[in-house]
Amino acid sequence: MSTNPNGGSVSEKQVAVAIACICGPAHLARCLDALGAQQGSPPFDIVVRYDPALAGMDDVIAQYPHVQFGCAPHERTPLELAAAALRACDVDVVLLTEDHCVPRADWVRTMVQAVQPGRGAVGGRIEVHRSASSVDWAFYFVDFFRYAGPVDEGPSPTLSVCNVAYDRRQLAAVSDLWHVQFNEPEVHDALGAKFGDLWLHPASEVVMHRTIAFLPCLRERYAFGRIFGYKRIEKESFMRRCVRAAVAPALPALLLGRMTAKVLRSRALARRFAGSLGPILALVFCWSWGEWIGYVTGRPPRTLTLAADLSAPEFQRSLPGNSNRLP
């Protein structure tokens with residue numbers, strides 16, 4: 001059981017933080033240390049599900065005896081690990097993140113406060129570490145541009161599993177969608193339709209600490225784009241699928257337009273965007289290609305390739321090729 005070491009309850013609700021560990025022990029320890037330093041939060045449990053191929057996890061498990069760790073041979077992808085972590089959280093409010101994210105000291109408190117009736121789920125800001133390379137920034141923009149500060153509080157079309165909180169009863173009501181694999185667009189769309197707006201809360205912040213290798217990053221964006229595409233048309237008619245495939249060539253322009261509109265709100269973001277434009281274009285193309293292939297084939301990729309983290313050599317050693325086979 002994990003409780004707030006600084007005291008001060010802000011809620012009577014039972015709370016848990018679920019972590020999908022995809023990068024390795026060094027990242028996870030940094031995340032757990034940040035959770036141990038939370039200020040003004042209610043008591044909360046911490047549940048970690050990790051890829052069994054990650055090396056060095058025994059040391060972290062011994063160092064944090066209050067954390068509930070778990071792994072299974074068939075749970076290796078981020079989608080499977082997130083689902084497993086959420087299944088293990090029998091509480092009122094559950095916060096979800098990944099091991100490479102470091103929450104701000106008031107993250108648990110602000111996220112729990114933001115979970116209110118009439119909201120399907122609540123997400124927050126995602127920033128990037130100060131020493132990020134141009135490739136790191138490109139990955140960040142392609143995956144998280146909607147959550148970069150400045151962020152306005154209010155309804156949002158999307159939320160990220162790196163910084164999100166759920167009413168656990170509402171999540172249970174759509175458990176058929178995520179019990180095995182947590183595909184965030186599908187689950188969030190269902191929660192929004194059933195329980196109210198997806199809500200973006202700018203005071204709730206995590207910082208992404210992935211240091212990305214470029215070529216594996218391209219493969220990762222392709223894989224996730226294809227997953228997004230095939231899941232999007234899974235229950236649609238053949239004609240609707242054809243329409244999506246036909247308009248997919250416009251995806252790069254659409255995505256770049258959305259990013260540009262966002263970064264123009266901040267000079268600092270605009271400078272980072274311009275400095276990372278080359279890798280951004282490559283990543284946008286790979287995502288768009290994957291999404292189009294998902295529409296055309298109606299099938300996910302055979303493997304989900306995670307980008308190697310250059311600051312986590314144990315991750316690269318334990319997963320040759322960094323590929324996890326999907327069911």
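At what angle do the axes of helix 10 and helix 12 cross, and within what distance do they come? Keep in mind that this is a predicted model. The axes cross at roughly 130° and come within 9 Å. Helix 10 covers residues 251-263, and helix 12 covers residues 277-297. That angle makes helix 10 oblique to helix 12, because it falls in none of the parallel, antiparallel or perpendicular ranges. The crossing is right-handed.

Now the residues in that contact. Helix 10 brings Leu 251, Pro 252, Leu 255, Leu 256 and Met 259. Helix 12 brings Ile 280, Leu 281, Val 284, Trp 287, Ser 288 and Glu 291. By class, that is 9 nonpolar, 1 polar and 1 charged.

Helix 10 has another partner, helix 11. Here the angle is about 140°, with the axes 8 Å apart. From helix 10 come Leu 256, Met 259, Thr 260 and Val 263. They meet Leu 269, Ala 270 and Phe 273 of helix 11. The split is 6 nonpolar, 1 polar and no charged.

Back to helix 12. Does its length fit its residue count, or not? It fits: 21 residues at 1.5 Å a residue should span 30 Å, and the end C-alpha atoms are 30 Å apart.

Which residues of helix 12 are buried? The list runs Pro 279, Ile 280, Leu 283, Val 284, Cys 286, Trp 287, Ser 288, Gly 290, Glu 291, Ile 293, Gly 294 and Tyr 295. Note that Glu 291 is buried, and that Glu 291 also sits in the contact with helix 10. What do the buried residues pack against? They pack against helix 5 (134-144), helix 8 (214-232), helix 9 (238-247), helix 10 and helix 11 (267-275).

Next, the end of helix 12. Gly 298 follows the helix, with a positive phi near 70°. Gly 298 lies in the loop that leads to strand 10, residues 303-305. Is Gly 298 buried, partly exposed or exposed? Its relative accessibility is 28%, so Gly 298 counts as partly exposed. Leaving aside neighbours within four places in sequence, Gly 298 is in contact with Tyr 230, Ile 233, Arg 241 and Ile 293. Of these, Ile 293 is a buried residue of helix 12.

Last item: Pro 150. A cis peptide bond joins Gly 149 to Pro 150, with omega about 5°. Pro 150 is in the loop between helix 5 and strand 7, residues 154-155. How far is Pro 150 from Gly 298? The two are 148 residues apart in sequence and 37 Å apart in space, C-alpha to C-alpha.

Key: Residues are numbered from 1 along each chain as its sequence is written. This is a predicted model: local features need pLDDT of at least 70, side-chain atom pairs count only at pLDDT 80 or more; totals for chains, interfaces and linings use all residues. Side-chain values use heavy atoms; hydrogens and water are left out. Axes are lines fitted to C-alpha atoms, for helices over the stretch in contact, and angles run from 0 to 180 degrees between N-to-C directions. Helices (H or I, at least four residues) and strands (E, at least two) are DSSP runs, numbered from the N terminus. Angles under 35 degrees count as roughly parallel, over 145 as roughly antiparallel, 65 to 115 as roughly perpendicular and the rest as oblique. A crossing is left-handed if the near helix is turned anticlockwise from the far one by less than a right angle, and right-handed if clockwise. Contact means heavy atoms within 4.5 Å. Ala, Val, Leu, Ile, Met, Phe, Trp, Tyr, Cys and Pro count as nonpolar, Asp, Glu, Lys and Arg as charged, and the others, Gly among them, as polar. Buried means under 20% relative accessible area, exposed over 50%, partly exposed in between (1.4 Å probe, protein chains only). The expected span of a helix is 1.5 Å times one less than its number of residues.
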